[in-house]
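Open the model in your viewer and switch to a cartoon representation. Keep a selection tool at hand for the stops below.

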Amino acid sequence: MNVRLDTIRECLEGALPGVMATCSADGAPNVAFLSQAEYVDGRHLALSYQFFNTTRRNILENPHARLIVTHPRTAERYRLLLRYLRTETGGPLFERMKAKLAGVASHSGMGDVFRLLGSDVCRVLEIERVPGPALAPPAPRPSLLAALRLTSARLALCRELDTLLTEALASLESRFGFRHTSVLLLDAAGTRLYTVASRGYESSGVGSEVAVGDGAIGVAAREATPIRIAYLAPAYAHAGASRSSAQPGSADALETRIALPALPEPRSRLAVPIRAFTRLLGVLYAESAQDLRFGYDDEDALVALAGQLGAAMLALRQAGDPDEGRASPEPEPLRPAGPPVVVRHHRGDDSVFLDDEYLIKGVAGAIFWTMMRDLVDAGRSTFNLRELRLDPRIPHGQGSDDLDARLLVLRRRLSECVAALRLESIGSGNFLLTAHRPPTLIDLVG
């Protein structure tokens, strides 16, 4: 093999179709275009199987094939000798290719025609450059490895989830050039992901949710594999990116959905699972309005960064703060003034509204309602993370290891609301709840 497969990964992005030559068992040749080839590792790639045609029949009869791919920037061509091994019809590799193919199909106006039936895994036996003229290569990009090194050094200094996520997204913008990013964490049930941090959007979308399996983010979580799409792919949009309309009234009628932070028409998407050991913690997501914004190298860098995030988050959860169980003394009570702020709680889903504006629901809603009851009934304004974990009034809170993330979502949601209620970290796992307007609590069964 004169050329290494990992050095020509850009030829496999789908910008230019490959040309594939096969031969039947009786020697009849066939040449056809190939929609997609996917890099698997240094010795293997996968070909998109979409139709049962002559190419498909030939590869099953005679497992050897030739494939010519073209570099999208320099027009250099490479000829590969392949041997077909197997077809995968599900799993991470299939889902990665399915997502990419959706983008390629939409870009070429063939969204209703292209449908992936399988991923044909092939061994690469030989690669050679096809003689011919080539364009000058583009100017080299800033080193992603150097960016990753600097980012890793910064993340290693973070001692709280808030600063860890803020630093990670800031570094993705300043060092990697990823301007629209978010982090979503998996809920305790393992069925939904909720946004804890974002950067580059008009609205943060903190608290918004995506179902596992929905869109690029949900598929990355379900399959625990990176999903990278190079073109506009409506099939991989997220249902949570749109907000439904509703009128005030019952809990069912009230709007309890936060719009997912998203570009109107992202041309490129990259969703990478955040894992620690074999455990899925969430998804790190980036998107762009530019076609082909994220390549294989970007994917590699984001996978490495997500790995460090996962390890850091798990370490923070397990280590905690040595003073976490030590409650802070109550400060001088604040005297709220002005018109009351109405805090409405619906027991059915623990959704909370401030002056008819939706705040939060679920575990974070139960946490906030518990705090507000203690503030109003007992004059208590400081709360400890360890105590909240053990509080029987908080469903799913007892023993939960993501309570710090839920509190982070709650703090950020409160900071975005107009009501004069604030929750801030005061160190050692303690939080201070302040009301600048007198709160009126309404607890509803529905």
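The tour visits a sheet, a helix packed on that sheet, and two helix pairs in this predicted model.

**Stop 1: the sheet**

Select the seven strands of the open sheet. Read across in the order β2-β1-β5-β6-β7-β4-β3. The pairing is antiparallel. Now colour the two edge strands, β2 (29-34) and β3 (37-41). Each of them pairs on one side only. Turn the view to follow the twist: on average, neighbouring strands are turned by 35° against each other, direction ignored.

**Stop 2: helix α1 on the sheet**

Add residues 54-61, which form helix α1. Which strands does α1 touch? The list is β1 (18-23), β2, β4, β5 (64-70), β6 (77-88) and β7. The direction of α1 makes about 55° with that of β1.

**Stop 3: the β1-β2 hairpin**

Zoom in on β1 and β2. They run antiparallel and are joined by six bridges. Pick Met20 and look across to β2: its bridge partner there is Ala32. Then move to the turn, where five residues lie between the strands. Select Gly27 in this hairpin; its phi is positive, near 95°.

**Stop 4: β4 against β7**

Select residues 44-49 for β4 and 118-130 for β7. Six bridges join these antiparallel strands. Start at His44: Arg123 is its bridge partner in β7.

**Stop 5: α3 and α4**

Leave the sheet and show helix α3 (residues 144-155) with helix α4 (residues 161-174). Their axes are 10 Å apart and the packing angle is about 165°. Angles over 145 degrees count as roughly antiparallel, and α3 and α4 are therefore roughly antiparallel to each other. Their crossing is right-handed. Display side chains for the contact: Thr151, Arg154 and Leu155 from α3, with Leu164, Glu167, Ala168 and Ser171 from α4. Colour by residue class to find three nonpolar, two polar and two charged residues in this contact.

**Stop 6: α7 and α9**

Finish with helix α7 (residues 362-378) and helix α9 (residues 403-416). How far apart are their axes, and at what angle do the helices pack? The axes are 9 Å apart, and the angle is about 70°. That makes α7 roughly perpendicular to α9. On α7, select Val363, Ala364, Ile367, Phe368 and Met371. On α9, select Leu403, Arg406, Leu407, Leu410 and Leu414. These residues make the contact. Nine of the contact residues are nonpolar, none is polar and one is charged.

Key: Residues are numbered from 1 along each chain as its sequence is written. This is a predicted model: local features need pLDDT of at least 70, side-chain atom pairs count only at pLDDT 80 or more; totals for chains, interfaces and linings use all residues. Side-chain values use heavy atoms; hydrogens and water are left out. Two strands pair if DSSP finds at least two bridges between them. Helices (H or I, at least four residues) and strands (E, at least two) are DSSP runs, numbered from the N terminus. Axes are lines fitted to C-alpha atoms, for helices over the stretch in contact, and angles run from 0 to 180 degrees between N-to-C directions. Contact means heavy atoms within 4.5 Å. Angles under 35 degrees count as roughly parallel, over 145 as roughly antiparallel, 65 to 115 as roughly perpendicular and the rest as oblique. A crossing is left-handed if the near helix is turned anticlockwise from the far one by less than a right angle, and right-handed if clockwise. Ala, Val, Leu, Ile, Met, Phe, Trp, Tyr, Cys and Pro count as nonpolar, Asp, Glu, Lys and Arg as charged, and the others, Gly among them, as polar.
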